[in-house]
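Please open the model in the viewer and follow the selections below in order. Each stop names what to select and then describes what is found there.

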Amino acid sequence: MKYLHLIWAALFRRKARTVLTLVSIVAAFLLFGMLDAVRTSFDQAGQSANGAQRLQTGSKLSFIQPLPQSLEAQIAQVPGVKQVTYANWFGGAYQDPHNQVFSFAVAPNYIDLYPEIAVDPAARKAFDASRTGALVGETLARRFHWKVGDKIPLQSTIFPNREGSKNWSFDIVGILHSTDKKTGGFYDQLFLLHWKYFDETTPYNRGQVGWYVSRVADVNQADRVARAIDALSANSDHETRTQTEQATTASWMKQLADIGLIVGAIMGAVFFTLLLLSGNTMMQAVRERTAELAVLKTIGFSSRSVLAMVLAESVLLLLLGGVVGLGLAALLIPGVSAGSGGMLNLPTVGASSWLLGLALMVAVGLLVGALPAWRAMRLNIVDALAGR
Amino acid sequence: MGTLIELRNLSKVYERGRQKVEVLHHIDLDIAEGDFLAMMGPSGSGKTTLLNLIGGLDSPSGGSIAVAGQRLDQLGAGALARWRAAHVGFVFQFYNLMPMLSAQRNVELPLLLTRLNGAQRRKNAGIALQLVGLGDRAAHKPGELSGGQQQRVAIARAIVSDPALLVCDEPTGDLDRQSAEDVLGLLRTLNREHGKTIVMVTHDPKAAEYANHTLHLDKGTLVEQATA
Ligand SMILES: Nc1ncnc2c1ncn2[C@@H]1O[C@H](COP(=O)(O)OP(=O)(O)OP(=O)(O)O)[C@@H](O)[C@H]1O
Ligand SMILES: [Mg+2]
């Protein structure tokens, strides 16, 4: 486009002002990239095809209320249930109570219900054969430099062992890998120990289970199966609530925070400020160029091409700042994920974020450029030349 | 030579709110092709208004203007812009160059509206700069040039697309004597050697001497006087 040098020159006519405006656009889109990654990671949580097949059954009262182990056999009998397993929250921490580990005490068949978790057959065999064995996710193992064969101490923040001490000891027998890197970040951080060892060792648990996970034969029957499972315990002292994994994750997340709303509110505030700021820049830029725009028209540039040039200038401003900002976000996000020690597993700025970002840049650019461009188009040559 | 510009019963009225100000009254004027015409008159007499009408920057309230047979008063804004691009060059008192573009880029501006490619645009702009004696200043920005040099860049910009007509509104109004004479000499060369028809508004009788005739405008009416 042969007008580009004109637009570029106009944009950098006041270097300091343009650079300042650019910095704020960069900041806004950096924030946008980060927050969009957070939103995406929350959206993706639990949204796998496998997750849709799994039902989670927990106490209706509270998710820390345990359920009797006897339910396992009953759930297995419910029509439509293919497999059932159970687990307990162990609440482990390594060395320091702040080093929380996602540790579950699980039934022997637990992994069978999670095709997203890959573990090699030898490791699986070793786990099944051991009493104090543990399978650990690869991210977790890397974080603490654990290897197969290590004997590692883990503190339970909740459960003491028989001696009354909360210090437990496990033998690492294998490493877990998630097969789906998009949704499976969580599995790479798991620490799985035997429910049996847990149950026998802590006096606080006597044949009780934190939650059941069952796999349904037909996803479309999930709701019916869930109701049937809950019916088993109706009017007992341990009434249950059964939901798909997705619904469970979603309601968990909702309890933490309505991420969508927060992200939306922050972005709204940021873009409102951005609109005012870059709008002001564009307004000033056009006002002080009145005579120059009049000259362009004098020379024979049409009103429409003057309009287009001002709009292009404003869109270019947003694109420059926006692309740098989103690019920075893409560069920084892996660092943020790593810095969180794997607790936060943010996806990098994906194609959809780029698309949304670019659309935002163009939209804000057009919006911000509209009024000054319209003024430039309507500019009366004779009046502008006379300084009226 | 034939007539290039024909003004018939031309008038211009500005409306300020409810008040109407008639700036030009029923002007009849022929300007020959190849003429160099100076226009003088007191401030507010309508010189700029008349020049703007001749250059197709403004439309008359009554009467007609024809330039090379083209009725400007019948053209819409878009057509008028295209007509200006092809047929007129403008020179203003304060040069009106783009401050952030080099002399070369300033002169290339009108060529952006033509079908010439980048290399041809560069070449033609270079020739125009050479013609005004600034071939060695192509890379300079307006801020790095003297007033007289800036005005010569403006003249190069006005002639680069080879229009038949140049309209100049007080082209020496902001220049010292020497620079003014350079610019006026240049205009005379353009008129004599290159056949440009020039209409120039000036307050300076010495500047008017460079022209073939001087017209006097007073309160929107013409008083023609032949110069020696
Ligand atoms: N757009 C406009 N609106 C209202 N009045 C105008 C407008 N343009 C010009 N005028 C008036 O028309 C009259 C003639 O103006 P013009 O600019 O043509 O004068 P001029 O002869 O060029 O004066 P100067 O020598 O000071 O440049 C002035 O009284 C001016 O105030
Ligand atoms: Mg004037």
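Begin with all of chain A in this predicted model, coloured by burial: 47% of its 388 residues count as buried. The accessible surface of the chain amounts to about 18300 Å², and carbon and sulfur atoms contribute 61% of that area.

Next, reduce the display to the C-alpha trace. Along its principal axes, the trace of chain A spans about 95 × 45 × 35 Å. The radius of gyration is 30 Å, whereas a compact globule of 388 residues would have a value near 21 Å. Switching to a cartoon shows 14 helices and 13 strands in chain A. Of the contacts between residues at least 6 apart in sequence, 78% join residues at least 24 apart.

Now select the charged side chains. Chain A carries 34 positive and 27 negative ones, and the centres of the two sets are 12 Å apart.

Turn then to the aromatic rings, among which the whole structure holds 25 pairs. Select A:Tyr86 and A:Trp195: the ring centres lie 5.1 Å apart with the planes at 85°, so this pair is edge-to-face. A:Tyr86 belongs to strand 3 (residues 81-89) and A:Trp195 to helix 7 (residues 195-201), so that the pair links parts of the chain 109 residues apart. Are these two residues buried or exposed? A:Tyr86 counts as buried because its relative accessibility is 6%, under the 20% cut-off; A:Trp195, also at 6%, counts as buried.

Finally, select A:Phe90, A:Tyr94, A:Phe144, A:Trp146, A:Phe159, A:Trp168, A:Phe170, A:Phe191, A:Tyr197 and A:Phe198, which together form one aromatic cluster.

Note on methods:
Residues numbered from 1 in each chain as written. Chains lettered and ligands numbered in written order. Predicted model: local features only at pLDDT ≥ 70, side-chain atom pairs only at ≥ 80, totals over all residues. Heavy atoms only, no water. Helix = DSSP H or I, 4+ residues; strand = E, 2+ residues; numbered from the N terminus. Rg over C-alpha atoms; globule rule 2.2 N^0.38 Å. Buried < 20%, exposed > 50% of the residue type's maximum accessible area, 1.4 Å probe, protein only. Contact = heavy atoms within 4.5 Å. Areas by Shrake-Rupley, 256 points an atom, 1.4 Å probe, with all protein chains shown as cover. Lys, Arg positive; Asp, Glu negative; His and termini not counted. Charge placed at Lys NZ, Arg CZ, Asp CG, Glu CD. Phe/Tyr/Trp six-rings, centres within 6.5 Å; stacked < 30°, edge-to-face > 60°.
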